[in-house]
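This report concerns the salt bridges, one pocket and two individual residues of a single structure. The sequence and the model are shown first.

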Amino acid sequence: MNTKKILLTRILPDIGAELLKAAGFSVTLWENDRPMTREELIENSKKHNAIFCTITEKLDKDFLNQCVHLDIISQFAVGYDNIDVQEATRLGIPIGNTPDVLSEATADIAFGLMIATSRKFIHMHKKIIKGQWNYFRPTADLGIEIKNKTLGIYGLGRIGSEMAKRCIGAYNMKVIYHNRKPNPKVEKELNVEYVDFSTLLSKSDVLSVHCALNDESQGVFNKEAFKQMKPTSIFINTSRGSVHNETDLIEALKTGTIWGAGLDVTNPEPMRPDNPLLEMENVTVLPHIGSANLETRDKMAELAAQNIIEFYKNNRVPHIINPQVMRNK
């Protein structure tokens, strides 16, 4: 086989490039500590047979039609809302991703956000920095107990299931969930209950979002949704920022419609430093670090590389988003 040229669009864990080079591919590394501009991405992609990309690259219809020559796109992520999958499928371009390996890491972030928000960790830390740690005040800085409370999960897939396990094991929480369709396997394994969306909103003490971003989930947590939640509830989002309406979330927190929020994703990203959420004592915000530990990121790079290697060497993509493309091939 001719040496195929693979473009890595960001600075990524070394193991990805090492595996590709060991398999005989010509690898181009983007070594600037910034994303490519759209023009740079298109120009560089045109010179390569495949790209190894991240969720920060927008591979829309226009990009795909300018880069219709691409043999495969392998994404360093489990989500793929940055890619026009329908258009890629029409053009016959398979798309690989990295499922399973980041479920526990992301669930850890959701679990941590729940605890940090319920006990106001960030606000308390800021008070020390500001010199406001003075004397003991028995009625000040009070958080909310989460033991024996109800956890609601919107999107009970791999990550949502890991979040449920943590909350049941650590705090004996009752778990309810809402999906597009019930998940009887996990219901049996974890003793969780499927409910409709309205019940999820009204019964959850902590509501944790773990869904994919699609037409159904886009902006689903809006003013009307927050109005149905308990005034003592905490909203957690580690999926995509566009699932919640940030203006409505800010208003819900300001008016006491809900008690607190923990976010690893925002709308837009990156968040502006003057966003009012950053000054609220019952809010914890992280800069989209759900999969950010050494082991997880290495494994993601390994899976993304293997998608490309297996495609060229064995005509299969181990973790494929649009399998109909391979059937057609």
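A salt bridge is a side-chain nitrogen of Lys or Arg within 4 Å of a carboxyl oxygen of Asp or Glu. The model examined here is predicted. A search of the whole structure finds 22 salt bridges, and three of these pairs are set out below.

| Acidic residue | Basic residue | N to O distance |
|---|---|---|
| Asp62 | Arg38 | 3.1 Å |
| Asp81 | Arg240 | 2.8 Å |
| Glu216 | Arg180 | 4.0 Å |

**Asp62 and Arg38**

The side chains of Asp62 and Arg38 meet in a salt bridge with an N to O distance of 3.1 Å. This pair links distant parts of the chain, since Asp62 belongs to helix α3 (residues 61–66) and Arg38 to helix α2, 24 residues apart. Asp62 counts as partly exposed, at 41% relative accessibility. Arg38 is likewise partly exposed, with a relative accessible area of 30%.

**Asp81 and Arg240**

In the salt bridge between Asp81 and Arg240, the closest N and O atoms are 2.8 Å apart. Distant parts of the chain are again linked: Asp81 sits in the loop between β4 (72–75) and α4 (85–91), Arg240 in the loop between β10 (234–237) and α11 (246–254), and the two are 159 residues apart. Asp81 is partly exposed, with a relative accessible area of 37%.

Is its partner Arg240 buried or exposed? With a relative accessible area of 16%, Arg240 is buried; the cut-off for that class is under 20%. Not counting residues up to four places away in sequence, Arg240 touches Ile55, Gly79, Asp81, Leu213, Val265 and His288. The salt-bridge partner Asp81 is thus one of the residues that Arg240 touches.

**Glu216 and Arg180**

Glu216 forms a salt bridge with Arg180, and the closest N and O atoms are 4.0 Å apart. Because Glu216 lies in the loop between β9 (206–209) and α10 (223–227) and Arg180 in the loop between β7 (174–178) and α8 (184–190), the pair ties together parts that are 36 residues apart in sequence. Glu216 is partly exposed, with a relative accessible area of 44%. Arg180 counts as exposed, at 65% relative accessibility.

Salt bridges that share partners also join Glu104, Asp108, Glu162, Lys165 and Arg166 into one network.

**Lys46**

Lys46 is located in the loop between α2 (38–45) and β3 (50–53). Its relative accessible area of 45% makes Lys46 partly exposed. Which residues does Lys46 contact, leaving aside its neighbours within four places in sequence? They are Gln66, Cys67 and His69. The C-alpha atoms of Lys46 and Val68 are 8.8 Å apart in space, while the two residues are 22 residues apart in sequence.

**The second largest pocket**

Rolling a probe the size of a water molecule over the atoms shows where empty space is left. The second largest pocket holds about 280 Å³ of space. Its lining is formed by Met124, Lys127, Ile128, Gln132, Trp133, Asn134, Tyr135, Phe136, Arg137, Ala140 and Asp141. By residue class, the lining of this pocket divides into six nonpolar, two polar and three charged residues.

How values were computed:
Residues numbered from 1 in each chain as written. Predicted model: local features only at pLDDT ≥ 70, side-chain atom pairs only at ≥ 80, totals over all residues. Heavy atoms only, no water. Helix = DSSP H or I, 4+ residues; strand = E, 2+ residues; numbered from the N terminus. Buried < 20%, exposed > 50% of the residue type's maximum accessible area, 1.4 Å probe, protein only. Contact = heavy atoms within 4.5 Å. 1 Å grid on protein atoms, 1.4 Å probe; cavity = no way out; pocket = protein on both sides within 12 Å on 5 of 7 lines; lining within 4 Å. Points joined across faces, edges and corners; volume = space filled by probe spheres on them. Nonpolar A, V, L, I, M, F, W, Y, C, P; charged D, E, K, R; others polar.
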